[in-house]
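The following exercises are to be worked through with the sequence and the model at hand. Each task is followed by a solution in steps.

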Amino acid sequence: MNRPGRELACESVSLAYTDGARTTYALRDVTLALPPGNFYGIMGPSGSGKSSLLYILSGLKMPTQGQARFGDFIYNQRRSSDVAGVRRERFGFVFQQPFLLSYLTALENIVVAAPKADRAAYEKGRELLNGFGMEGLENKLPSQLSGGEKQRVSVVRAMINDPDILFADEPTAALDHTNGRLVVDTLAAWRVRGSVVVVTHDPEMLTGADEIINLRDGRLEK
Amino acid sequence: MPMGFVIVLSVFLIATISTLANSIDRTIFTIYGYTNHFTYVIPQRVTQTVPNDQLAIIRGDARVDRIMEASIFFTNIKTVIGSLPFVVLGLAQENEDYLLKRVGTTLKEGRMPAEGMPEAALSEPLARNKHIKLGDLVAGPTDEGGISGAPVPVKCVGILTGPVWIAVTSKSFCDNVFLAAPRCTIYTTKNPDDLMTVNQLFSPAKHRQDGKLSPAKVQVLSRQNLIAQVRDSLSTMFLIMAVVNFTVIFVIALMSGMLANIYFTQRLAEFAVLAAIGYQRWQLIARIVGETLLLTLIGWVAGALATFAFLSAFKESLFEPRGLFINPLDLFAYQYTLPIPLAITIFAVATIAYRLLLFDPVSIIERR
Ligand SMILES: Nc1ncnc2c1ncn2[C@@H]1O[C@H](COP(=O)(O)OP(=O)(O)O)[C@@H](O)[C@H]1O
Ligand SMILES: [Mg+2]
């Protein structure tokens, strides 16, 4: 079921942080196009601007110069509530920490991200969990799950709304190699439904990537 | 959770204080409950009887059932607002039978006071209030306080049971023993529901001089006059209570704002994630409002239940012996506590909404 999907792109994007008199550039003049249906890796040393790029591509941050867009939806020309709507309906997010709500079960945590918490959403959440070999976890609280399990639950949470793009910022940084691999494989499996954009500083995690974007000091490195 | 505790405590505090304050007039109406059934007319010159022209006015109303002449003395009872004199009614035998029947009171223990003897019968709560049993003194020459007492020791010979507080002796005893026994007249109405109307006609609570009975000649101890007097003397207390309640609610509201701030900081990551995955700010605020409402609701119910449990548990052992008649289900008092959950919800939600509108989800997620 390959959707005609939309391209993710940014054009001449710069992102500057002003701290008093000093200005640091997290990104400088980055131009990128990420056609749908691929697994992209964003690589680079710490502080090179990987997270900044991910947030700009997903509309969580607005660039100081240039623009980022999802198809023809240009983030900085839209209202923030519309951008939030796109994030909710079209994107899925995985962070370094799983950020599960401690008082909800694994399945309920997944359904939180669904457009509507109806029976269908619960059914779908259950199917996804089972599909990724996590049967039996659905009724457990986060405190009863291992770190790897929590992160994979958060990956399923990102998938529940059938996103066109799955964004992940250092999803394996807090995990050991085996668990990190499992998480990345789970993410990469989404390639058949949409694009996957994973930020990491660990090249081993990106062995199956379709394209790797290297950043250094906020600039693209070819 | 600390917020829930604050709510429970504050509801408890205000409901208890209000119930206790309300119980003061309740106490007075309990003690003087007989005003529902009959009305005293007291001559302004205590040594005399009610003047004939006044009696004629009372007799002239077709709704009046019976007019009885009584001689009385007083006995002290304990109440929250200090010692109060309570009337011991000396009536002719036939009138006494009529009146006790009228107020639904019967003899429970002992016997009725004999004609001319220094004896009295009291209803149960009165006896309990005065800590007396059959054979104990009801009033005597050594009684303290203004108009109370009797020149000879009066013994309790009977305990009465019924819905109102009442004490009786014989009219002949009062007339024989007291040099100048206070006299008064009691009237009832054929239809008990008419009593208030008739009272109002004879002696209105507000403008006594407009009544048919002359305030210069007689004083009318009717239910509405009692209410007016109690309300008047307690109005300062209710004002103080209102100020206290307002202060408590204000402090609690501020505190809940602070707690909500702490609570929000604790759950910042949660809201940041929700915002990052696309929840709108208003959806997050709605979530908070829902949670806060639920919490305050549970807190309020728990506080109300705690108050009810506390007041019920100590109603008879602690309050009633001190002359305080409380109603653990005093809806008026619970109504005073309603602003608490409201103020808390408003302050908490306002605080959190303000912070939610300002926060940046990315920087919070990144900080981890
Ligand atoms: N909120 C911020 N304020 C100031 N500087 C920031 C902020 N966020 C990131 N930076 C700076 O921007 C640069 C890129 O950061 P980031 O995109 O987080 O890099 P990476 O994810 O590759 O470690 C870094 O030098 C960082 O210090
Ligand atoms: Mg980063």
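**Exercise 1. Chain A as a whole**

How many helices and strands does the secondary structure of chain A contain? State also how far chain A is buried and how its contacts are distributed along the sequence.

*Solution.* The model is a predicted one.
Step 1: chain A has 6 helices and 10 strands.
Step 2: chain A has 222 residues, and 52% of them count as buried.
Step 3: among the contacts in chain A with a separation of 6 or more, 73% join residues that are 24 or more positions apart.
Step 4: the accessible surface of chain A is about 9800 Å², and carbon and sulfur atoms contribute 46% of it.

**Exercise 2. The surroundings of ligand 1**

Identify the residues that surround ligand 1, and explain why the site is described as shared.

*Solution.*
Step 1: list the shell. From chain A come Y17, A26, P45, S46, G47, S48, G49, K50, S51 and S52, and from chain B comes E366.
Step 2: since residues of both chains A and B surround ligand 1, the site is shared between chains.
Step 3: sort the shell by class, which gives 3 nonpolar, 6 polar and 2 charged residues.
Step 4: assign the shell to elements. Helix α1 (residues 50-57) of chain A provides the largest share, with 3 residues.

**Exercise 3. Polar contacts of ligand 1**

Which residues place polar atoms at 2.7 Å from an oxygen atom of ligand 1?

*Solution.*
Step 1: consider the backbone. A polar backbone atom of A:G47 is 2.7 Å from an oxygen atom of ligand 1, and for A:S48 the corresponding distance is 3.2 Å.
Step 2: consider the side chains. A:S51 has a polar side-chain atom 2.7 Å from an oxygen atom of ligand 1.
Step 3: ligand 1 taken alone exposes 560 Å², of which the protein buries 63%.

**Exercise 4. An open sheet in chain A**

Determine the strand order of the four-stranded sheet and locate its edges.

*Solution.*
Step 1: the 4 strands of this open sheet in chain A follow the order β2-β1-β4-β5, with antiparallel pairing.
Step 2: β2 (22-34) and β5 (73-74) of chain A each have a single partner strand and stand at the edges, so one side of each lacks a neighbour in the sheet.
Step 3: β4 (residues 65-70) of chain A pairs with β5(A) in the antiparallel sense over 2 bridges.
Step 4: A:F70 stands opposite A:F73 in β5(A).

**Exercise 5. A threonine in chain B**

Is B:T169 buried or exposed? Describe its surroundings.

*Solution.*
Step 1: B:T169 belongs to strand β8 (residues 167-170) of chain B.
Step 2: its relative accessible area is 0%; buried means under 20%, so B:T169 is buried.
Step 3: the side chain of B:T169 reaches the backbone oxygen of B:E119 at 2.8 Å.
Step 4: beyond residues up to four places away in sequence, B:T169 touches several residues, including B:F73, B:V88, B:L91, B:M117 and B:C174.

**Exercise 6. Positive phi angles**

Compare the settings of A:S12 and A:D217.

*Solution.*
Step 1: most residues other than glycine have a negative phi.
Step 2: A:S12, not a glycine, has a positive phi of about 45 degrees, and A:D217, also not a glycine, has one of about 50 degrees.
Step 3: A:S12 is in strand β1 (residues 8-19) of chain A, whereas A:D217 lies in the loop between β9 (211-216) and β10 (219-221) of chain A.
Step 4: A:S12 is partly exposed at 37% relative accessibility, while A:D217 is exposed at 59%.

Technical notes. Residues numbered from 1 in each chain as written. Chains lettered and ligands numbered in written order. Predicted model: local features only at pLDDT ≥ 70, side-chain atom pairs only at ≥ 80, totals over all residues. Heavy atoms only, no water. Buried < 20%, exposed > 50% of the residue type's maximum accessible area, 1.4 Å probe, protein only. Contact = heavy atoms within 4.5 Å. Areas by Shrake-Rupley, 256 points an atom, 1.4 Å probe, with all protein chains shown as cover. Near = heavy atom within 4 Å. Polar contact = N/O pair within 3.5 Å; in protein donor to acceptor, adjacent residues only side chain to side chain. Nonpolar A, V, L, I, M, F, W, Y, C, P; charged D, E, K, R; others polar. Pairing = 2+ DSSP bridges.
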